[in-house]
Amino acid sequence: MTDAGTSAGHIDTGKPHSARMYDYYLGGKDNYPVDAEAAEQVISLFPATRELARTNRLFMHRASRLLAGRGVRQFLDIGTGIPTEPNLHQIVQEIVPQARVVYADNDPIVLRHAQALLHSTPEGRTAYVHGDVREPGKIIAAARETLDFTRPIALSLVALLHLVADEDEPARIVRELLEPLPSGSYLTLSHATGDFDPETWERVVEVYRKGGTSAQVRSHAEFSAFFTGLELVDPGVVPAPRWHPELGASRGGEGGSGDEEMPLYVAVGRKP
């Protein structure tokens with residue numbers, strides 16, 4: 001296990017945390033009453049929240065399969081969340097047993113469960129970094145202990161940037177994470193949007209902010225801007241159910257919503 005130099009701290013059960021709320025949406029048990037209460041507030045505003053979380057996770061699976069199939073052997077997943085099988089390394093190491101995966105998150109409860117992320121194939125390797133995406137340099141420095149930065153790396157920020165407000169400069173963060181990655185690397189993003197129902201998502205964002213979590217949904221244009229300078233993989237920026245649904249029929253009997261207005265934009269871009 002690799003430490004980014006950030007103290008894990010204690011688990012604060014007095015206020016909700018986004019990773020534990022996400023675990024609640026997915027039906028997990030690694031959450032506390034304060035997380036469940038906030039999550040239920042979100043569900044009352046957007047009843048399809050659980051389906052949204054599941055759709056997001058299935059997109060991560062499909063994107064990981066596609067990139068492993070394209071020959072990517074290294075993955076850096078930031079904003080990992082509480083382990084939920086199959087995890088990213090389980091997906092890609094089924095295709096590429098020698099794949100290396102570095103996970104990063106800032107929630108102490110994820111750190112406590114990180115051992116579940118470290119059961120690599122004998123040929124591959126996994127590591128966990130306790131670090132915050134707002135300090136990209138620390139995450140990159142720790143990832144260098146496991147990943148070869150002379151070879152392509154798939155950077156994954158799935159369901160993360162809508163928890164980074166504009167004042168924290170998410171576009172700068174993405175640039176700083178991509179800058180040290182070599183040509184042929186990839187960026188995988190998913191992001192909640194208010195494009196289809198602005199009023200509801202303003203209220204959802206407020207639930208997160210009242211709980212102390214930065215949150216900000218973004219438009220199609222704002223999301224697309226994160227891929228400036230990258231070559232988008234077809235079909236480009238689309239709602240999650242429309243992104244390569246044919247890659248979903250694999251481990252775990254995966255399916256997914258066919259709702260083309262699912263308020264979650266996704267895309268994968270390649271660094272030229």
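Among contacts in the protein chain between residues at least 6 apart in sequence, what percentage join residues at least 24 apart? The share is 78%. The model shown in these figures is predicted.

**Figure 1. Overview of the protein chain, with 9 helices and 8 strands.** The radius of gyration is 17 Å, close to the 19 Å given by the globule rule for 272 residues, so the chain is as compact as a globular protein of that length. Along its principal axes, the C-alpha trace spans about 45 × 40 × 40 Å. Of the 272 residues, 57% count as buried. The close-ups that follow take up a cavity and three residues.

**Figure 2. The largest cavity and its lining.** The structure holds 1 cavity of 30 Å³ or more. The space in the largest cavity comes to about 60 Å³. Its lining is made up of Met60, Ala63, Ser64, Leu67, Phe75, Leu88, Ala154, Ser156, Val158 and Thr188. Helix H3 (49–69) and strand E4 (154–158) each supply at least two of these residues. The largest share, 4 residues, comes from H3. By residue class, the lining holds 7 nonpolar and 3 polar residues, and no charged ones.

**Figure 3. Serine 156, a residue of strand E4 that also belongs to the lining of the largest cavity.** Serine 156 has a relative accessibility of 6%; this is under 20%, so the residue counts as buried. The side chain of serine 156 makes a polar contact with the side chain of aspartate 77, at 3.1 Å. Leaving aside neighbours within four places in sequence, serine 156 is in contact with Leu76, Asp77, Ile78 and Thr188. Thr188, one of these contacts, is likewise listed in the cavity lining.

**Figure 4. Glutamine 93 in helix H4 (residues 88–95).** Is glutamine 93 buried or exposed? Its relative accessibility is 6%, and the residue counts as buried because this value is under 20%. A polar atom of the glutamine 93 side chain lies 3.0 Å from the backbone oxygen of alanine 99. Alanine 99 is also among the residues that glutamine 93 touches, when residues up to four places away in sequence are not counted. The others in that set are Ser120, Thr121, Gly124, Arg125 and Thr126.

**Figure 5. Aspartate 30 in the loop between helix H1 (18–25) and helix H2 (33–45).** With a relative accessible area of 26%, aspartate 30 is partly exposed, because the value falls between the 20% cut-off for buried and the 50% cut-off for exposed. Which residue's side chain makes a polar contact with the side chain of aspartate 30? The partner is histidine 113, at 3.1 Å. Not counting residues up to four places away in sequence, aspartate 30 touches Arg20, Asp23, Ile82, Ile109 and His113. Of these, Arg20 and Asp23 carry numbers within the range of helix H1 (18–25).

**Figure 6. Aspartate 30 and glycine 236, shown together for distance.** The two residues are 206 places apart along the chain. Their C-alpha atoms are separated by 34 Å. For scale, the C-alpha trace of the whole chain spans about 45 × 40 × 40 Å along its principal axes.

Note on methods. Residues are numbered from 1 along each chain as its sequence is written. This is a predicted model: local features need pLDDT of at least 70, side-chain atom pairs count only at pLDDT 80 or more; totals for chains, interfaces and linings use all residues. Side-chain values use heavy atoms; hydrogens and water are left out. Helices (H or I, at least four residues) and strands (E, at least two) are DSSP runs, numbered from the N terminus. Buried means under 20% relative accessible area, exposed over 50%, partly exposed in between (1.4 Å probe, protein chains only). Contact means heavy atoms within 4.5 Å. A polar contact is a pair of N or O atoms within 3.5 Å; within protein, one must be able to donate a hydrogen and the other to accept it, and residues adjacent in sequence count only if both atoms are side-chain atoms. On a 1 Å grid over the protein atoms alone, a cavity is a set of points where a 1.4 Å probe fits but cannot get out, and a pocket is an open set with protein on both sides within 12 Å along at least five of seven lines; lining residues have an atom within 4 Å of a point. Grid points are joined across faces, edges and corners, and a volume is the space filled by probe spheres set on the points. Ala, Val, Leu, Ile, Met, Phe, Trp, Tyr, Cys and Pro count as nonpolar, Asp, Glu, Lys and Arg as charged, and the others, Gly among them, as polar. The radius of gyration is taken over C-alpha atoms; the globule rule is 2.2 Å times the number of residues to the power 0.38.
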